[in-house]
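Work through the exercises below with the model open beside you. Try each task before you read its solution.

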Amino acid sequence: LKLLLWPWVICINLTQCAQLEDVQLEDLVNILGGTDSRYDISHGGTLPLITRPWAFNSYAPQTDDDSNWKGWWFHPSDRRFFGIRVTHQPSPWIQDYGNFLIKAFIPSSFSTSTSRDKFTGYSPTKSTFSPYYFKTNLLAYGTATESCTLEFTASNHGGIMRVSFPSHVEAENNEIPGFRQTRRIQIVLNGDGDYSYVGRSPIDGTSMIGGYTKANSGGVGTADADFAHYFVALIYGGSDGSIPTSFSVENVKADDNSAWIDFEGENPNHRILTVRFATSFISAAQAMVNLQSEVALETITFDSLVEESRLQWREVLGRVKVHPIRHEEMGYTIAEAASIRRVFYSSMYRASIFPRQLTEHDTDGNAYSVPAAHTHQQTCVGRDD
């Protein structure tokens, strides 16, 4: 399909046309567009979603947790970072469902997650926001010489988070509680019927967090529907995210509010921790099937998943060709023409998120979707033979 968007996209000459065509389509997308919104004034009411086209889940940094305005949990001017939120929210006015947080940090206490561990400072202007990749520095956990960076990329039912902590530092006051620079991976739930556990992966024995959330804002059926969003997360160490991790029982916690595992900073394999996770509306077992299908250690690296997502967005956005033309009379500058083209593909990105495809496949390739009573706003229901 080719669309000639005249006179909105123009080129003054062939050199300018080539300059506008140099950038890949997925890199024209501004996922922050429309996010400058609060409950009292909105400029779009959107979220900066790192996701796949029509994906099962989307993901975004959470930068606020005001319980009075639960749907307004991101703003581009916020300077707090709570974690990566698994979300299905189409609008802040109707809020979310099946949501939870995945986060990594250096805890201030070994016994529990205190209130000051809820968030870290971050700089949105120094972060990378794109449909296929997110990166930021966790400012509270950096040192004078090294940053603590968090990267994330999505699959259809899950994703991979990679966190690079500063190197462990030996010091004379190493006995002071909290100085051991423990690394913590945590999944934050919502209480009120949620469930989590800590265990070891049946695949390779690596550290595992699993459970489900029942969080929703309506539209998921009656109590008989028994709505739940199941998840499983596997945690690996090493620079390439391939080394199974282990834990001791005194370094874990799991309840209906959260689950976490602590990893000793002295172990060099814990400087970089990689979290591979997937979710399901069907069952915990199906969540593991989705993980093995999309983010399995044996077949997918973090970088290869970034590229897979990038290419999928390029293919979808490339279905509409915005063809630059020469039209001197319109008087647009190169920058203006490039800006309009960026707006078009950012809008096309938004149009390619909903409705969600809620299909899940078993190990034999049979496709299923959640019952209609479990769906919210948008759905693909039934069995697809």
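**Exercise 1: A salt bridge across the chain**

Aspartate 78 counts as buried, because its relative accessibility is 12%, where buried means under 20% relative accessible area, exposed over 50% and partly exposed in between, with a 1.4 Å probe and protein chains only. This is a predicted model, in which local features need pLDDT of at least 70 and side-chain atom pairs count only at pLDDT 80 or more, whereas totals for chains, interfaces and linings use all residues. Residues are numbered from 1 along each chain as its sequence is written, and side-chain values use heavy atoms, with hydrogens and water left out.

Task: find the residue with which aspartate 78 forms a salt bridge, and say where the two residues lie.

Solution. Step one is the criterion: a salt bridge is a side-chain nitrogen of Lys or Arg within 4 Å of a carboxyl oxygen of Asp or Glu. Step two is the partner, which is arginine 38, with the closest N and O atoms 2.9 Å apart. Step three is the location: aspartate 78 sits in the loop between β4 (58–62) and β5 (80–81), while arginine 38 sits in the loop between α1 (14–21) and β3, so that the pair, 40 residues apart, links distant parts of the chain. Step four is the surroundings of the partner: arginine 38 has 26% relative accessibility and therefore counts as partly exposed.

**Exercise 2: One helix and its buried face**

Task: compare the expected span of helix α3 with the distance between its end C-alpha atoms, and then work out where its buried residues lie.

Solution. First, helices are DSSP runs of H or I with at least four residues, strands are runs of E with at least two, and both are numbered from the N terminus. The expected span of a helix is 1.5 Å times one less than its number of residues, so the 16 residues of α3 (residues 302–317) should span 22 Å, and the end C-alpha atoms are 23 Å apart, which agrees. Next, list the buried residues, which are Phe302, Leu305, Val306, Ser309, Arg310, Trp313, Val316 and Leu317. Seen down the helix axis, these residues fall within an arc of 140 degrees, and so they line one face of α3; the arc is that of the directions from the helix axis to the C-beta atoms. Finally, the buried residues of α3 pack against β3 (50–51), β11 (149–154), β12 (158–164), α2 (284–294) and α4.

**Exercise 3: A salt bridge within the helix**

Task: describe the salt bridge between arginine 310 and glutamate 307, and name the network to which they belong.

Solution. The two side chains meet at 3.7 Å, N to O. Because arginine 310 and glutamate 307 are 3 residues apart in helix α3, they are separated by about one helical turn. Arginine 310 is buried, with a relative accessible area of 19%, whereas glutamate 307 is partly exposed, with 38%. Both belong to a network of salt bridges that links Glu26, Asp27, Glu307, Arg310 and Arg314.

**Exercise 4: Confidence**

Task: decide how residues 1–17 should be read.

Solution. Begin with the scale: pLDDT is the predictor's confidence in each residue, from 0 to 100. The chain averages a pLDDT of 87, and 84% of the residues score at least 70. Over residues 1–17, however, pLDDT stays under 50, although the model has 41 contacts there beyond four places in sequence, a contact meaning heavy atoms within 4.5 Å. Where pLDDT is low, the predicted coordinates should not be read in detail.
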